[in-house]
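Biologist: I am new to this structure and would like to go through it slowly, one region at a time. Could you show it to me and then take my questions in turn?

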Amino acid sequence: MSRLLATLTGRRSWIVALVGLLLGVALIGGVGQAERDASALDTLPAGFDSTQGQALLDELPDEGSKAAIVLFTAEEGIEESLPDLATLLEDVAPEGTQAPSGGTGQVEGETGGQAPEGAEGEAGDQPGGEAGAESGPPPGPAGEFPVIPAEDGTAAISVLDLDARTATETAEVVSTLRTDLADGVPEGVTAQVTGPAAIEADLASVFDGANVTLLAVTASVVALLLIVTYRSPILWVVPLLVVGVADQAAASAATHVLKAVGIPWDESTIGILSVLVFGAGTNYALLLISRYRDELRTHSSRHEAMALALRRASEAILASASTVVVGVLCLLLSAFPSTRGLGLACAVGVLVAMAFVLLVLPGALVLFGRWIFWPQVPREGQAVLADSRSLWRRIGDAVAAAPTAYIAGTLVLLAAMAFGLTQLRSGLAPEDQFLETPEAITAAERLGESFPAGTSDPLVVVTRGDQAQVDELATAVEDVDGVTQVTPVAPADSIGQVQVVLEAEPGSDEAQAAVGEVRAAVEGYADTHVTGGDATALDEEEGNVRDRFVVLPLVLALVLLTLVGLLRSLLAPVILVTSVVATFCAALGVSWWLFTGVLGFAAIDASMPLLAFLFLVALGVDYNIFLITRTLEEAREHGTRDGVLRALGATGGVITSAGILLAAVFAVLGVLPLVVLAQIGVVICIGVLLDTLVVRTVLVPAIVRVLGERFWWPRRVDHAGRHREDEPEPATV
């Protein structure tokens with residue numbers, strides 16, 4: 001251990017720092033991030049009915065095609081433009097585009113549309129064709145891509161199966177289609193594209209360049225807060241450079257690890273990973289630098305000061321990183337493949353950040369000497385933080401004067417903030433998932449004014465069977481309440497479909513109830529599943545509930561065990577974990593009022609509580625670790641009750657700075673126009689501020705003052721000025 005410390009902090013430590021940075025740059029430039037083809041199953045809960053249905057659809061020969069609905073609107077008289085619109089579609093349809101295999105059944109029903117391909121006679125003569133079929137305006141010109149008018153004469157639609165296998169390809173194809181349609185529509189007619197392909201394209205466009213924007217904003221926020229924290233025009237560059245290289249190296253390492261073990265990741269993974277690496281890495285850097293600066297006040301040699309700072313801070317940083325890694329690895333038990341990928345990626349990212357801070361940052365700091373802290377250069381003989389009358393020590397003295405009152409007041413405050421939990425509603429409708437409503441959503445809303453609301457995203461009953469089974473399924477589904485159109489699709493490779501248009505608006509309670517009834521109607525058929533937008537949303541909600549019951553208790557148990565191992569105590573870990581859970585409840589409760597009263601969100605995303613809880617508990621415990629490990633060090637010399645006040649004075653400033661920085665970094669997630677990421681950022685931001693400014697500053701010190709030596713139960717801490725021989729040196733900050 002001493003040899004390693006000498007290597008990392010000695011006169012040649014700059015070589016270690018340089019080699020580390022060069023290896024990081026080589027990893028970034030030479031290897032880069034791994035790439036993979038996204039699958040429709042990546043974000044679906046494994047084992048659920050809709051996921052099994054999508055897996056069957058993926059076996060079809062044209063599994064790479066994705067349905068897009070072109071919506072034409074005019075104030076009146078859309079029928080007069082139908083021939084021109086049909087011709088336009090033939091001219092602008094991207095290469096490889098086909099009409100749906102089931103004809104235009106998705107858009108029939110109340111519109112009186114064309115019968116399925118190969119049909120003879122009226123739509124009502126086909127299996128399931130009579131469901132919701134009514135007389136209406138005649139269908140548009142057949143052509144290659146038939147255009148079907150609405151009964152109100154103000155809209156018409158055509159369904160295209162686009163040849164696009166990845167989200168990037170889909171975004172490019174849909175963008176080109178929208179541009180060509182806008183340039184070619186007759187005067188007075190507006191064209192929009194919606195449907196599953198358009199929604200996927202708009203979602204992909206959210207992340208087009210978003211990670212670069214997120215990285216730039218995150219780095220800027222970190223730089224600003226480092227300048228404010230250190231009040232130095234130079235020092236902030238060193239930790240920012242080290243953490244910045246660590247961030248990009250972590251993205252490269254994480255994606256290659258994910259690819260090697262076969263776990264998928266999605267567009268948001270790298271963004272969340274970057275925020276976590278910057279937040280955690282900068283926190284670790286702040287703690288190491290704070291201890292280094294303090295040791296410079298008692299040592300003439302900067303190498304000796306760094307060696308002592310690194311030895312004392314590294315155990316706490318290792319313990320802190322361990323809680324985060326253990327916590328995020330619990331996501332490997334998630335029902336969602338992409339969530340598993342996020343958990344493993346974050347674990348790799350935290351380990352990389354910790355390694356850069358402990359192995360690279362010490363040599364980089366020592367290289368520049370004391371002057372790097374200019375203008376507030378630490379001098380030997382100055383008072384250390386634990387002996388100073390800092391703001392945080394004065395706050396601690398106030399808490400010590402009436403600890404019981406502060407405990408009661410803090411708990412009342414947290415309980416009042418948590419009251420919003422009684423009002424929580426989860427599950428975002430499709431139109432509520434974006435901060436800025438994209439064309440696919442506005443077009444779907446307009447489509448619902450002239451056609452059945454479920455036309456833009458029908459349910460799909462998919463089965464492995466012959467035509468007879470498909471016809472039986474169509475007959476079974478057509479009598480379900482809320483179903484307005486049923487269209488059977490002939491089997492291909494023994495996989496058949498029945499496309500079901502619901503009357504209810506997508507995402508509504510009525511639509512979800514209809515999904516349950518459709519599933520009940522086909523329950524007796526082997527290897528038959530119901531998928532599509534509303535079916536998937538229903539299963540995702542159940543998958544998130546399942547994750548909360550499985551993952552959350554495991555996170556708490558493992559974090560608790562980690563603290564028990566670190567502190568060799570039972571009571572202290574229980575108190576610390578309970579305080580962080582209380583912080584989460586308060587943060588989520590007050591965030592609900594902010595979401596509904598200020599930001600205008602109708603509900604919370606079903607996946608948000610799990611991710612917010614995970615990051616807040618794993619990261620929130622860190623600040624308690626930093627405070628309590630320093631308390632343990634001071635308690636050996638001054639007793640536990642005085643030790644916690646000295647620890648608060650020594651760590652208060654750096655922990656507050658770290659907490660504000662982490663809160664600001666997670667708030668940066670709001671630059672991505674997805675509601676779920678904005679909600680995660682808000683909850684973690686509020687929670688971290690509560691944890692650093694209220695729980696760590698007031699509640700925990702007050703509890704320690706009341707309990708005294710009993711806080712460490714069953715452990716006993718010797719006050720003799722040295723640790724007991726049978727106990728190792730404590731982790732300190």
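Modeller: Before the questions, one definition will help: helices are DSSP runs of H or I with at least four residues, strands are DSSP runs of E with at least two, and both are numbered from the N terminus. Please also keep in mind that this is a predicted model.

Biologist: Where is the place of Glu76?

Modeller: Glu76 belongs to a negative surface patch, which it forms together with Glu75, Glu79, Glu80, Glu151 and Asp152. At 68% relative accessibility, Glu76 counts as exposed, because the cut-off for that word is over 50%. As for its position along the chain, Glu76 is in the loop between strand 1 (65–73) and helix 4 (82–92).

Biologist: Which residues make the nonpolar surface patch of about 260 Å²?

Modeller: One member of that patch is Val19, which is found in helix 2, residues 13–31. Val19 has a relative accessibility of 41% and therefore counts as partly exposed, since that class lies between 20% and 50%. The complete nonpolar patch is made by Ile15, Val19 and Leu23.

Biologist: In strand 3, which residue is the bridge partner of Ile148?

Modeller: Strand 2 (residues 148–149) and strand 3 pair in the antiparallel sense, over two bridges. The hairpin they make has five residues between the strands, and in this hairpin Gly153 takes a positive phi near 75°. Strand 3 itself, residues 155–163, is mostly covered, with eight of its nine residues buried. The bridge partner of Ile148 in that strand is Ile157.

Biologist: Which are the buried residues of helix 12?

Modeller: Helix 12 is mostly covered, as six of its eight residues are buried. Just beyond the helix comes Gly369, whose phi is positive, near 75°. The buried residues of helix 12 are Leu361, Pro362, Gly363, Ala364, Leu365 and Val366.

Biologist: What is omega for the cis peptide bond that joins Trp374 and Pro375?

Modeller: Pro375 is found in the loop between helix 12 (361–368) and helix 13 (391–401). A cis peptide bond also joins Trp713 and Pro714, with omega about 0°, and Pro714 is found in the segment after helix 22 (675–707). For the bond between Trp374 and Pro375, omega is about 15°.

Biologist: In strand 8, which residue is the bridge partner of Val461?

Modeller: Val461 can be followed through strand 5, residues 459–464, which is mostly covered, with five of its six residues buried. Six bridges join strand 5 to strand 7 (residues 495–502) in an antiparallel arrangement, and there Val461 stands opposite Val498. Strand 5 also runs antiparallel to strand 8 (residues 528–531), to which four bridges join it. In strand 8, the bridge partner of Val461 is Val530.

Biologist: What is the phi of Ser494, a residue other than glycine?

Modeller: Ser494 is placed in the loop between strand 6 (483–492) and strand 7. With 46% relative accessibility, Ser494 counts as partly exposed, because this value is under the 50% that an exposed residue must pass. The phi of Ser494 is positive, near 65°.

Biologist: Where is Arg568 found?

Modeller: Arg568, a residue other than glycine, has a positive phi, near 50°. Its relative accessibility is 33%, so Arg568 counts as partly exposed. Along the chain, Arg568 is found in the loop between helix 18 (533–567) and helix 19 (571–599).

Biologist: How far apart in space are the C-alpha atoms of Glu472 and Tyr525?

Modeller: Glu472 is found in helix 16, residues 467–478, and is partly exposed, with a relative accessible area of 44%. In sequence, 53 residues separate Glu472 from Tyr525. From C-alpha to C-alpha, the two are 9.5 Å apart.

Biologist: And by what distance are the C-alpha atoms of Pro553 and Cys330 separated?

Modeller: Pro553 lies in helix 18 and is partly exposed, with a relative accessible area of 44%. Along the chain, Pro553 and Cys330 are 223 residues apart. Their C-alpha atoms are separated by 9.8 Å.

Technical notes
Residues are numbered from 1 along each chain as its sequence is written. This is a predicted model: local features need pLDDT of at least 70, side-chain atom pairs count only at pLDDT 80 or more; totals for chains, interfaces and linings use all residues. Side-chain values use heavy atoms; hydrogens and water are left out. Buried means under 20% relative accessible area, exposed over 50%, partly exposed in between (1.4 Å probe, protein chains only). Two strands pair if DSSP finds at least two bridges between them. Patches are made of residues with over 30% relative accessible area and no salt bridge: like charges are joined within 9 Å, nonpolar side chains (Val, Leu, Ile, Met, Phe, Trp, Tyr) within 5 Å. Accessible areas come from the Shrake-Rupley method with a 1.4 Å probe; for residues, only the protein chains shown count as cover. A salt bridge is a side-chain nitrogen of Lys or Arg within 4 Å of a carboxyl oxygen of Asp or Glu. Lys and Arg count as positive and Asp and Glu as negative; His and the chain ends are not counted. The place of a charge is taken as NZ of Lys, CZ of Arg, CG of Asp or CD of Glu.
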